[in-house]
Amino acid sequence: MYSIILTIHIVVAIVMIGLILIQHGKGADAGASFGAGASGTVFGASGSANFLTRSTAVLTAIFFVTSITLAVFAKQQAIDNHTLDVSGLPTTTAPAHTAPTK
């Protein structure tokens, strides 16, 4: 289960990085007005922004859920590793220490 969630986490992180790099910043429109960029896009004028923004939001939510799940797994593993199992150890008792008499 841990490996599956870790794989999903890594894939979501890589796809999210790609989506964020594809998106235009707020200053990109100013550059396009001076002839630095093309105004025609595949998704239309605002369709690209809405699709990419919603996709990024969904991937971000999935990323947070997988992050929290991996943290819970790591905590449980740390607790299991630090628990001392004394049930199989032999128990020895020492005689009671008595005070010396004068």
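This is a short walk through the helices, the core and the surface of the structure above. It is a predicted model, in which local features need pLDDT of at least 70, side-chain atom pairs count only at pLDDT 80 or more, and totals for chains, interfaces and linings use all residues. Residues are numbered from 1 along each chain as its sequence is written, and side-chain values use heavy atoms, with hydrogens and water left out.

Let's start inside. Val12, Met16, Leu19, Leu52 and Leu59 form the largest nonpolar core, meaning buried Ala, Val, Leu, Ile, Met, Phe, Trp, Tyr and Cys residues joined through side-chain atoms within 4.5 Å; buried is under 20% relative accessible area, exposed over 50%, and partly exposed in between (1.4 Å probe, protein chains only). At least two of these residues come from each of α1 (2-22) and α3 (47-82), and α1 gives the most, with 3. Helices here are DSSP runs of H or I, at least four residues long, numbered from the N terminus. Leu19 is a good place to look: beyond its neighbours within four places in sequence, Leu19 is in contact (heavy atoms within 4.5 Å) with Leu52, Ser55, Thr56 and Leu59.

Now for the annotation. An unreviewed UniProt entry lists residues 6-22 and 57-74 as "transmembrane region", and such annotations may be inferred rather than shown by experiment. Residues 6-22 are 100% helix, with end C-alpha atoms 25 Å apart; residues 57-74 are also 100% helix, with ends 26 Å apart.

Finally, the surface. Ile10 lies in α1 and is partly exposed, at 44% relative accessible area.

Conventions. Helix = DSSP H or I, 4+ residues; strand = E, 2+ residues; numbered from the N terminus.
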